[in-house]
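Let's walk through how to read helix packing and a ligand site. Have the sequence and the 3D view open as we go.

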Amino acid sequence: MIEIERSRTPAARTRVEMLALPLRSETEPGPEIAALDESTGGRLLAEVRRRCAEPAKRGSTFAWQTHGEMPQELVAVIGLGVPAGAEPTAEDWRRFAGAAVAAARQARVRSLGLSVAACARPAAAAATGAVIEGALLATYRFAGFRSSRSDARLVRCVVAGSPATRAAEEAERRARVLAEATAFARDLVNLPAETVTPAHLAAAAQRVARSARLSVKVLGPRELRRLGMGAILAVGRASRNEPRLIEIVYRPRSGRARRGAGPIVLVGKGITFDSGGLSLKPAASMEIQKRDMAGGAAVLGAMRAIGRLAPPVEVRGYVAAAENMPGGDAYRPGDVLRTCIGKTIEVLNTDAEGRLVLADALGYATRPRRGSADPSCVVDLATLTGAVTTALGRSVAAVLGNDADVVRDVIEAGRVSGEPIWELPLVDEYMAGLDSPIADLRNTGDGTAGTIYGGLFLREFVHRQPWAHLDIAGVAFTDKGSAYVPRGAVGWGVRTLVDLVERRSARA
Ligand code: BES
Ligand code: MN
Ligand code: ZN
């Protein structure tokens, strides 16, 4: 990761090769740009206006050569895209940082200053955190397998004009924890399925636990059999990489714990490769299926951050890890599986495997446990359906749930984290589509509303607790990249889950 520091020194005096300045509005450029403009005899803004159609538009970037007139070689004026009268949000600052990093890379500079001086004092602490988060997320690179190392020149960022307050220090710490946990999740998704097996995910969870005072339990095939988890066992049966159900638990120190508050339960789909099984996917659809454990990676990333941020409620993370392969031992269309809660499922399509492994994981995670409070809420994340991309595209995840409060909190957590989420309905009438003549449920619907059928199916395995399901098949990966997300794995959900936990524990 690159080096990032906070500095009270005003941007204009910060010693970096490139200085990035946020432009809120063309007519009111703010005191900092106005002062610089004056020191250049009005040439800075004249040039910006000449070269950019809408310089204050979000992401608009103009890099200006100072030719020795300033301590920096280049000044980048970056549009914040804030509507008139509104204050910039955390997302505006993260995108500002992302655009600044892109400009710095393009200009091949080694050091970049990012100014947050345009903010009032209390807001500047939050802006500092968001800029650090955005810069770290934007400079993420998958270490990868390329034989020649790319020459990433940018090595140092300075957040200039940041207040020397406890709030700013806290915001910086949180940003670093979130960016690091997101990078951890991105790495797991970017690595090939040859490497990231269920056992690899379990080992990763064990490393997370050791580094952050969490406890971890890994259920292997033998324990899964003993617990009657016929669904996850069936999905993983034809792979030499045997399934695991991973449990990783954060408990607050007794002095800090909110009394009586039930744990928050997070469950991730961890299909390390989804070939479709005997209902084999066509080649083109299979190309991308190493990413089918992105929900599990988000849960592990979130647990890693939660261990460090130490919220006052218990959080229990689960990853249902299996590899869905064809083979002589594979489960078949027509087979009936018995889950750990006793409900039976007729398999129509072995490619609807995510809901099968989640059925066992949700059933296990939400089972009544003697001596412990019922979960206060349950949230699962899964790259569950191709249909969600048809419905919402590649920028918005779907949420479906049985509890309006949890759904609202999830949507709000996503909004402030820059991970947009839209609710789809759990249409009770469609339950008839999951009817099986020989089992309690079938694992596919009728070919319509695929994401809703997925949600309706999962609901059957939650023990009445408030629950929300996030379908992240459209958002977990990006082929193009965006402001602070390089192409590849997004690490989608890590920051939203952490925000959700903080938001609900503040209210518990
Ligand atoms: N892992 C896939 C969903 C997916 C598709 C994720 C594309 C990422 C990109 C999931 O297991 C799946 O195959 N779903 C089926 C369900 C169907 C058989 C009911 C689908 O969406 O076609
Ligand atoms: Mn599948
Ligand atoms: Zn899948």
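## Reading helix pairs and a ligand shell

Q: Before we start, which residues of α6 and α10 meet each other?
A: This is a predicted model. On the α6 side you'll find Leu201, Ala205, Val208, Ser211 and Ala212, and they meet Leu300, Met303, Arg304, Gly307 and Arg308 of α10. Sorted by class, that contact holds 6 nonpolar, 2 polar and 2 charged residues.

Q: How do I describe the way two helices pack?
A: You give the angle between the two axes and the distance between them. Here, α6 (residues 198–212) and α10 (residues 294–309) pack at an angle of about 10°, and their axes are 9 Å apart. Angles under 35 degrees count as roughly parallel, so α6 is roughly parallel to α10.

Q: At what angle do α5 and α15 cross?
A: For α5 (residues 166–190) and α15 (residues 494–507), the axes cross at roughly 135° and come within 9 Å. That angle makes α5 oblique to α15.

Q: And which residues of α5 and α15 meet?
A: Arg174, Leu178, Ala181, Thr182 and Ala185 in α5 meet Val494, Arg495, Val498, Asp499 and Glu502 in α15. By class, you get 5 nonpolar, 1 polar and 4 charged residues in the contact of α5 with α15.

Q: On to the ligand: which residues come nearest to ligand 1?
A: Start with the shell, then pick out the atoms. Ligand 1 has 17 residues around it, and Lys281, Asp292, Asp351, Glu353 and Gly386 come nearest. The shell splits into 4 nonpolar, 6 polar and 7 charged residues.

Q: Where are the polar atom pairs with ligand 1?
A: One of them puts a ligand oxygen 2.8 Å from a side-chain N or O atom of Asp351. A ligand nitrogen lies 3.3 Å from a polar side-chain atom of Gln289. At Thr383 the partner is a polar backbone atom, 3.4 Å from a nitrogen of ligand 1.

Q: How much of ligand 1 does the protein bury?
A: Taken alone, ligand 1 exposes 520 Å², and the protein buries 78% of that.

Terms used. Residues numbered from 1 in each chain as written. Chains lettered and ligands numbered in written order. Predicted model: local features only at pLDDT ≥ 70, side-chain atom pairs only at ≥ 80, totals over all residues. Heavy atoms only, no water. Axes fitted to C-alpha atoms, helices over the stretch in contact; angles between N-to-C directions. Helix = DSSP H or I, 4+ residues; strand = E, 2+ residues; numbered from the N terminus. Parallel < 35°, antiparallel > 145°, perpendicular 65-115°, else oblique. Contact = heavy atoms within 4.5 Å. Nonpolar A, V, L, I, M, F, W, Y, C, P; charged D, E, K, R; others polar. Near = heavy atom within 4 Å. Polar contact = N/O pair within 3.5 Å; in protein donor to acceptor, adjacent residues only side chain to side chain. Areas by Shrake-Rupley, 256 points an atom, 1.4 Å probe, with all protein chains shown as cover.
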